[in-house]
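The following exercises ask the reader to work through a single protein structure, one region at a time. Each task is followed by a worked solution.

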Amino acid sequence: MDIIQLNSFKPTNEHTIVPRRIQFKQELKQELESLKRIFLIIGNKASTTEFNLNDLPSSGGRMDLICRFIAQTLFISHGIRRNSASIAILKGEPDPPKAVFAHGGKVRYMAPDERNIAGLLRKAVKYGGKEWKEVSPGIFSAKKGLNEVLEEISDFYMVYLREDGEDISHTLSISPKDKLAFILGDHVGVEKEDENLILRYAEKIVSVSPLSLQADQCVVLIHNFLDRLEFEEFEEKDKLKRI
Ligand SMILES: C[S@@+](CC[C@H](N)C(=O)[O-])C[C@H]1O[C@@H](n2cnc3c(N)ncnc32)[C@H](O)[C@@H]1O
């Protein structure tokens, strides 16, 4: 039950709904469908072979940044966001690209510290197969690039995070009820070629701050924005019940 295909939605110019062909194994289907928030980061230099856990920034190709990103995507205080996932596209040497997918509802043995997450990623990059494989509980790895992965998650409402985008607090079209995927760059940003790909899928370009932030800081702000909307809605419903 190791190999999965996340899904296989094909984009169309009109964003019309295309019948869904689920290819992943039955056991995983429900959990993948239960995801509400995916955060995808492009690791332009991130290592695609076993890296040194004592040198995440340098020979790891800023693997420290990817680990913080995953931590902020999945963890809250003493808990985990079961309906969130991280995807890292690793584009560093020697065997780019590779993709790692961490599912909040399935991960086990993950702690929020960088070294722990790096240990799990180190195991994930050892795998070089074309199909997704669960390399440790809740962590999937595949020799896939941005294009393939975007296509697989294209039933999510995709939002490209960019400093000059529309202010998220003015964006009425982003609702916590939707299945949302946010695409971000790393310390280098997003290369033109990747940006062109992202723009084929993204419904919106959104900014979360007047400042250029680190990717994991953006994740925190987005979670906070969506959490607040969700709780406001919950409180409204609760008030109505009490009237
Ligand atoms: C450290 S920033 C990239 C900075 C890089 N030097 C550049 O010029 O593109 C990492 C990523 O976080 C996201 N980001 C940073 N600040 C943002 C903001 N204020 N609004 C939206 N996204 C932001 C973007 O996706 C960016 O590629």
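## Exercise 1: Two residues with positive phi

Tyr 109 is located in the loop that connects strand 6 to helix 3 (114–126). The model is a predicted one.

**Task.** Determine which backbone feature marks Tyr 109, and whether this residue is buried or exposed. Then treat Arg 62 likewise: is it buried or exposed?

**Solution.**
- Step 1. Tyr 109 is not a glycine, yet its phi is positive, about 60°.
- Step 2. Tyr 109 has 11 other C-beta atoms within 10 Å, and a residue with 12 or fewer is exposed, so Tyr 109 is exposed.
- Step 3. Arg 62, in the loop between strand 2 and helix 2, also has a positive phi, near 65°, and is a residue other than glycine.
- Step 4. The count for Arg 62 is 20 other C-beta atoms within 10 Å; because 20 or more is the condition for burial, Arg 62 is buried.

## Exercise 2: Contacts of a loop histidine

**Task.** Locate His 187 and state which residues it touches beyond its neighbours up to four places away in sequence.

**Solution.**
- Step 1. His 187 belongs to the loop between strand 10 and helix 5.
- Step 2. With 12 other C-beta atoms within 10 Å, His 187 is exposed.
- Step 3. Once residues up to four places away in sequence are set aside, His 187 touches Arg 62 and Leu 65.
- Step 4. Arg 62 lies 125 residues from His 187 along the chain, but their C-alpha atoms are separated by 8.2 Å.

## Exercise 3: The surroundings of strand 2

**Task.** Establish how many residues of strand 2 are buried and which strands pair with it.

**Solution.**
- Step 1. Seven of the seven residues of strand 2 (37–43) are buried.
- Step 2. Burial applies to both faces: Arg 37, Phe 39, Ile 41 and Gly 43 lie on one side, and Ile 38, Leu 40 and Ile 42 on the other.
- Step 3. Strand 2 runs parallel to strand 5 (residues 84–90), joined to it by seven bridges; Gly 43 stands opposite Leu 90 there.
- Step 4. Strand 2 also pairs with strand 10 in the parallel sense, over five bridges. Phe 39 has Phe 182 of strand 10 as its bridge partner.

## Exercise 4: The faces of helix 5

**Task.** Explain why the buried residues of helix 5 line one face, and identify what covers them.

**Solution.**
- Step 1. The buried residues of helix 5 (residues 192–201) are Asp 194, Ile 198 and Tyr 201.
- Step 2. Viewed down the helix axis, these buried residues fall within an arc of 55°, so they line one face of helix 5.
- Step 3. The general rule is that an α-helix has 3.6 residues a turn, so residues three or four places apart point the same way.
- Step 4. Lys 192, Glu 193, Asn 196 and Leu 199 are exposed on the other side of helix 5.
- Step 5. The cover over the buried residues of helix 5 includes strand 2, helix 4 (146–152), strand 9 and strand 10.

## Exercise 5: The nonpolar core

**Task.** Name the residues of the largest nonpolar core that touch the most other members, and the element that gives the most to this core.

**Solution.**
- Step 1. The largest nonpolar core has 66 residues, of which Ile 66, Leu 121, Phe 182 and Ile 183 touch the most other members.
- Step 2. Helix 2 (residues 63–74) gives the most to this core, with eight residues.
- Step 3. Apart from neighbours within four places in sequence, Leu 121 is in contact with Met 63, Ile 66, Cys 67 and Val 100.

## Exercise 6: The shell around the ligand

**Task.** Describe the ligand shell: how many residues surround the ligand, and which strand gives the most?

**Solution.**
- Step 1. The ligand is surrounded by 19 residues, the closest being Leu 161, Leu 184, Gly 185, Gly 189 and Ser 207.
- Step 2. By class, eight residues of the shell are nonpolar, eight polar and three charged.
- Step 3. Strand 9 (157–167) and helix 6 (215–242) each supply at least two shell residues.
- Step 4. Strand 9 gives the most, with four residues.

How values were computed. Residues numbered from 1 in each chain as written. Predicted model: local features only at pLDDT ≥ 70, side-chain atom pairs only at ≥ 80, totals over all residues. Near = placed C-beta within 6 Å. Nonpolar A, V, L, I, M, F, W, Y, C, P; charged D, E, K, R; others polar. Arc of directions from axis to C-beta. Contact = placed C-beta atoms within 7 Å. Core = buried A, V, L, I, M, F, W, Y, C linked by C-beta atoms within 7 Å. Pairing = 2+ DSSP bridges.
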